[in-house]
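Hello,

Here is the structure we talked about handing over. Please look through it first; my notes follow below.

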Number of protein chains: 2
Amino acid sequence: MPLAKSWIESANSAETDFPLNNLPYGVFSAGDGEMRCGVAIGDRIIDATGLEEAGILRADADADVLDAPFWNDFMELGPEAWAAYRARLTEMLSESADEATRDALTTYSVKMSEATLHMPFRVSEYTDFYAGKHHAFNVGTMFRGPENALPPNWLSIPIGYNARASSVVVSGTPVRRPWGQIKAPDAELPSFAPCKRFDLELEMGAIVGQPSQGPVTVQEADDMIFGYVLLNDWSARDIQAWEYQPLGPFQAKATATSISPWIVTKAALEPFRTSTPPRERPLLPYLEEPGPMLYDIDLSVTLAPKGKAPTTITRTNYREMYYSAAQQLAHHTTSGCPMRVGDLLGSGTISGPVKESRGSLLELSWGGKEPITLDGGETRSFLEDGDTLALQGAARGDGYRIGFGECTGTILPALKDPYAR
Amino acid sequence: MPLAKSWIESANSAETDFPLNNLPYGVFSAGDGEMRCGVAIGDRIIDATGLEEAGILRADADADVLDAPFWNDFMELGPEAWAAYRARLTEMLSESADEATRDALTTYSVKMSEATLHMPFRVSEYTDFYAGKHHAFNVGTMFRGPENALPPNWLSIPIGYNARASSVVVSGTPVRRPWGQIKAPDAELPSFAPCKRFDLELEMGAIVGQPSQGPVTVQEADDMIFGYVLLNDWSARDIQAWEYQPLGPFQAKATATSISPWIVTKAALEPFRTSTPPRERPLLPYLEEPGPMLYDIDLSVTLAPKGKAPTTITRTNYREMYYSAAQQLAHHTTSGCPMRVGDLLGSGTISGPVKESRGSLLELSWGGKEPITLDGGETRSFLEDGDTLALQGAARGDGYRIGFGECTGTILPALKDPYAR
């Protein structure tokens, strides 16, 4: 599919994350204004709430769905309404649009550089998976030794755990280094101290846009997914190592999870579908994919020490996942677990096969034993206070890219006394 | 504290769960009417939504907080408002109330026998703990052998995992036996099949009534708790055994969790405070309790096969917990994890020291090796289709009891084909 041309010139650049082919959904505010639903195109944001209020573009003829600072009510409408809205918006923004339409949309738009971006949806619940095989093997090797690296169930189940929805924040939100129980390898008892091994995890997040009761097939699961975001699952490795047995990670993953501010729709990613890698063990039928359910999305992470330039510390691709979000969601429903609009599924860390494609510092520095060197000469085993992490992601089309915007976060030092009031 | 007498005679019985000392909060509907907030007293429900609408009893002078079918907005008001509302309600229902008050409250009340009870609050997120030592030791012995029964961290951390809020249902909701991935001990690969080892877990649920950002002390955590319910964490043991390594239980716990319909407030339980058992390992200071944070609440479970009389299968007490809900909540916030109004904390299974006080069939039948015998002669290792489970709980005062109502659920057979449409 070639670049679709817009009358908004900045959307026609091969460099923009937001060509007409993309049209991702977010929430913005400008100046002291209220939070509104918006659509990114080139260097502008279309005020979707304003278009709805004015009756210029409505997703539902009978009810306002964009009169709140989140896209959940829009998602509730379902796939037909999603497609119709996107088609109409594409038409109004394409170079064939008439003058009146152009004038109206110019009125209902702001410069992205003058807007503040907020959480694009309300997270109902958040589930994080462990579905990248390179990552699972690397971490398993460090935590349990190479002979037990991949748990016996790993090739049969898209392993996941319930994570904490209240901790999900939008890109740009600073992240405070947490305190927690930590037991040094040579200590008999744990201490309560600031995390010393604070880490990132490069992931994609899938957003559930339709509810379910009871088990759904992989195809039905794919149909339920509304879109995708970049996701950084900040992880306190020293807290995790001591707490995670037998019920899994808890406080190690509860400080924050950052997501990129634009929901890139499944529709925009459609040309970039690709298959999961060959199965090393046959899947149970309920997990078999009826078609390609992953996406070819280039991913990278930069780390910038305070006041310094960023260094790219990893480059990988979403197609490295062993399980797709649709498979994860199908598995999630097997027990009858109800899914709701706004549920967020983290893919699991997306590491590639080579060292330079690992999606966490734990893997890049091999548990701190092989610190990486940044462009300025500084080294990192884990994150330092003041470091700014940024995730980037884009699917690359013919003369255009479907970008996600950045997913950034800066590490604030731990509180001196977390109980001082 | 003696029984406080009410002009509603049924509330003065030593047998009722709902004397004037209790006044638990629920949501009810009568006939085809809408769902409304209510307060249980004796055999009646006071229509708290109606009292607010009529201006007879308001929790907030300026805003309606009971005009929705949940108590979350009331909880938002905070401890002072909770106390003031309870004091005023107690006064209006006490035997010293005047005729006009009695008439008004009689108008705004229904017979409990004619009402349907619903979820009393919206569950924001649900965290389940593993904080009963007898249970942890029993289960650990079966899953990992007696030498590894209690994980190394258990005496230092109130171990918990994020569970699934969307699966929480009110007492009386039938529970469908789930399908899932199950690997027989002698099989090389798992199969997808209905659960054969479906179980209950007798727990208490603590409801968070105030939000937090950043770590809170145990005292602050106790202040944040609004009230308690009975909780049955339905568990698919065969699914759990195969899936739980390394990230904890997931689909095994996601079919349903049932709670009793009445929120028994912390205020009503105040006379029954008791201390956690002696520490076997000193706690880190952030987990030390400034006072008694558990409650003396007798608990029991009955099991009734379809069409048969119930048998009491266990009797225990909430004071058997090693960690209190306040300690769990304090630990929950250590990483900076934000807590929200409506968060639900499951205590973990409450087993006592003897066989007859075990809080799950897994323990009672010792993994199915020692089936229990019901009164009618039937035996049970795990739950059978048609079985009705009921949890009961009450704190016992001088001539009265602070009861929770029942928490029941009946097992429906697994779907024949979960993907048939």
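How much area does chain A expose, and what share of it do carbon and sulfur atoms supply? Chain A exposes about 14900 Å², and carbon and sulfur supply 51% of that. Areas are Shrake-Rupley values with a 1.4 Å probe, with only the protein chains shown counting as cover for residues.

Some ground rules. This is a predicted model, where local features need pLDDT of at least 70 and side-chain atom pairs count only at pLDDT 80 or more, while totals for chains, interfaces and linings use all residues. Side-chain values use heavy atoms, without hydrogens and water, residues are numbered from 1 along each chain as written, and chains are lettered from A and ligands numbered from 1 in written order.

Overall shape: the C-alpha trace of chain A spans about 75 × 50 × 45 Å along its principal axes. Its radius of gyration is 21 Å, which agrees with the value near 22 Å for a compact globule of 421 residues (taken over C-alpha atoms; rule: 2.2 Å times the number of residues to the power 0.38). Of the 421 residues, 63% are buried (under 20% relative accessible area, 1.4 Å probe, protein chains only).

Secondary structure: chain A has 10 helices and 27 strands (DSSP runs; helices H or I, at least four residues; strands E, at least two).

Domains: an automatic or database assignment gives domain 1 (9-118) and domain 2 (126-412) in chain A. Their contact takes 27 residues from domain 1 and 25 residues from domain 2 (heavy atoms within 4.5 Å). The domain centres, over C-alpha atoms, are 29 Å apart.

Best wishes

Definitions and conventions
Buried means under 20% relative accessible area, exposed over 50%, partly exposed in between (1.4 Å probe, protein chains only).
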